[in-house]
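Here are a few exercises to work through with the model open on your screen. Try each task before you read its solution.

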Amino acid sequence: MTARLLEYFEPHFLEEALVVLDRFDGRARALAGGTRLVPELHARLGDVAALVNLKRVADLHAITAENGAISIGALATAARLTNDPAVAENAPLLAVAASTLGSVQVRALATIGGNICSGDPASDLTAALLALDATCCVATLASGERRESLSDLLVPGGVALRTGEVLTRVIIPFQRSRFAYRKMATRRGFEMALVAVAILLESDGARIQRIRIAFAGAGPTCVRGLHAEQRALNANILSEDLDAVAAAAADYDCAPQTDLRASALYRKQLVRVLTRRCLEDVMRVRT
Ligand SMILES: Cc1cc2nc3c(=O)[nH]c(=O)nc-3n(C[C@H](O)[C@H](O)[C@H](O)COP(=O)(O)OP(=O)(O)OC[C@H]3O[C@@H](n4cnc5c(N)ncnc54)[C@H](O)[C@@H]3O)c2cc1C
């Protein structure tokens, strides 16, 4: 087996990173925490000639909260999201989802940008961000920064980033609603979710004003539960209709795959059960 030589860069500025990524014509990869990319390189997946480590680009680490939204740099790690006071106050769903990601060691490295850009349908942070209506900021060498909603960026098996583009930050409107996050994984810390469900709910008594439901592990990408959300909005008194909302999620919103870890049928059942439990959680909590 012949060794593969990779060129390695640690730029200090975003523009430098974009220039290097552009120079390799699609054969350079951005490196964040490496928890996903490094195993791929070991497995010799993909045609990679260069790595551009983003860690020295200071702007990509920033977390700021102002004007009703929290902006989270792409290099914020799951450990930081779990413990950051601004995230805890303004996006607690994300903090909780981050606390379930992998092990302590993985959380210390895994970044929010890497979680999104991996495009894994079972990504915890991506599912939480979908429920939170997140917007992604993407930098390109040719045309500066563009903004795209996370749901538009996700495509089956990946993300719609063009060659050389870098996800710089994620913007989330302040979350003031009740929330729940539940996840089923066989070996916590070592494996991704079989299924995870994120729910946000705003209500006036038992009448729902706004609901967001999102799933990980339940389709070719992380997905929103649009049918389940509509079913919940149609219900007069949600507490009597939890089963119908959970059934809509499993029957219409999800298209899980069968793989070595679980069958599609089992995953659908998990969607139904976890959705029901999340709904019970948000109904219980009063703010
Ligand atoms: C043992 C183990 C357990 C895990 N458990 C979980 C889990 O429970 N839940 C979960 O969601 N994930 C889990 N993961 C997967 C992984 O840790 C996460 O997806 C992590 O967030 C990836 O981030 P990273 O910074 O390590 O990405 P990297 O590995 O550095 O990058 C991943 C991909 O994204 C690209 N990329 C990274 N940052 C950017 C950027 N800013 N702009 C453009 N492209 C970029 C890279 O080029 C690469 O293609 C686990 C991984 C391991 C090894």
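Helices here are DSSP runs of H or I with at least four residues, strands are runs of E with at least two, and both are numbered from the N terminus. Keep in mind that this is a predicted model.

**Exercise 1.** Find where Asp84 sits, and work out whether Asp84 is buried or exposed and what surrounds its side chain.

*Solution.* Start with the place: Asp84 falls in the loop that links helix 3 (78–83) to helix 4 (85–90). Next, check burial: Asp84 is buried, yet it has no salt bridge. Now look for a partner of opposite charge: the nearest such side chain is Arg80, 4.1 Å away. A salt bridge needs the side-chain nitrogen within 4 Å of a carboxyl oxygen, so Arg80 does not make the cut. Finally, look at the backbone: a polar atom of the Asp84 side chain lies 3.2 Å from the backbone nitrogen of Val87.

**Exercise 2.** Look at the backbone of Asp25 and of Asn67, then say where each one sits.

*Solution.* Take Asp25 to begin with: its phi is near 50°, a positive value in a residue other than glycine. Asp25 belongs to the loop between helix 1 (14–23) and strand 2 (28–31). Its relative accessibility is 68%, so Asp25 counts as exposed.

Then do Asn67, which isn't a glycine either but has a positive phi of about 50°. Asn67 is in the loop between strand 4 (63–66) and strand 5 (69–73). With a relative accessible area of 78%, Asn67 is exposed.

**Exercise 3.** Trace the open sheet of five strands and find which strands stand at its edges.

*Solution.* Write down the order, which is 4-5-10-6-7, with antiparallel pairing. Strand 4 and strand 7 (144–149) are at the edges; each has a single partner strand, so one side of each has no neighbour in the sheet. From one strand to the next, the twist averages 20°. Zoom in on strand 6 (residues 135–140) and strand 10 (residues 166–173): they run antiparallel and are joined by five bridges. Val138 stands opposite Leu167 of strand 10. To finish, add helix 1, which lies across strand 6 and strand 10 and runs at about 130° to strand 10.

**Exercise 4.** Do likewise for the open sheet of four strands, and place the helices on it.

*Solution.* The order is 11-12-13-14, with antiparallel pairing. Strand 11 (178–184) and strand 14 (223–224) are the edge strands, each pairing on one side only. Strand 13 (residues 207–216) pairs with strand 14 over two bridges, and Phe215 stands opposite Val223 in strand 14. Helix 5 (residues 92–99) packs on the sheet, touching strand 11 and strand 12 (195–204), at about 15° to strand 11. Helix 10 (residues 226–234) touches strand 13 and strand 14, at about 160° to strand 13.

Notes
Residues are numbered from 1 along each chain as its sequence is written. This is a predicted model: local features need pLDDT of at least 70, side-chain atom pairs count only at pLDDT 80 or more; totals for chains, interfaces and linings use all residues. Side-chain values use heavy atoms; hydrogens and water are left out. Buried means under 20% relative accessible area, exposed over 50%, partly exposed in between (1.4 Å probe, protein chains only). Lys and Arg count as positive and Asp and Glu as negative; His and the chain ends are not counted. A polar contact is a pair of N or O atoms within 3.5 Å; within protein, one must be able to donate a hydrogen and the other to accept it, and residues adjacent in sequence count only if both atoms are side-chain atoms. Two strands pair if DSSP finds at least two bridges between them. Axes are lines fitted to C-alpha atoms, for helices over the stretch in contact, and angles run from 0 to 180 degrees between N-to-C directions. Contact means heavy atoms within 4.5 Å.
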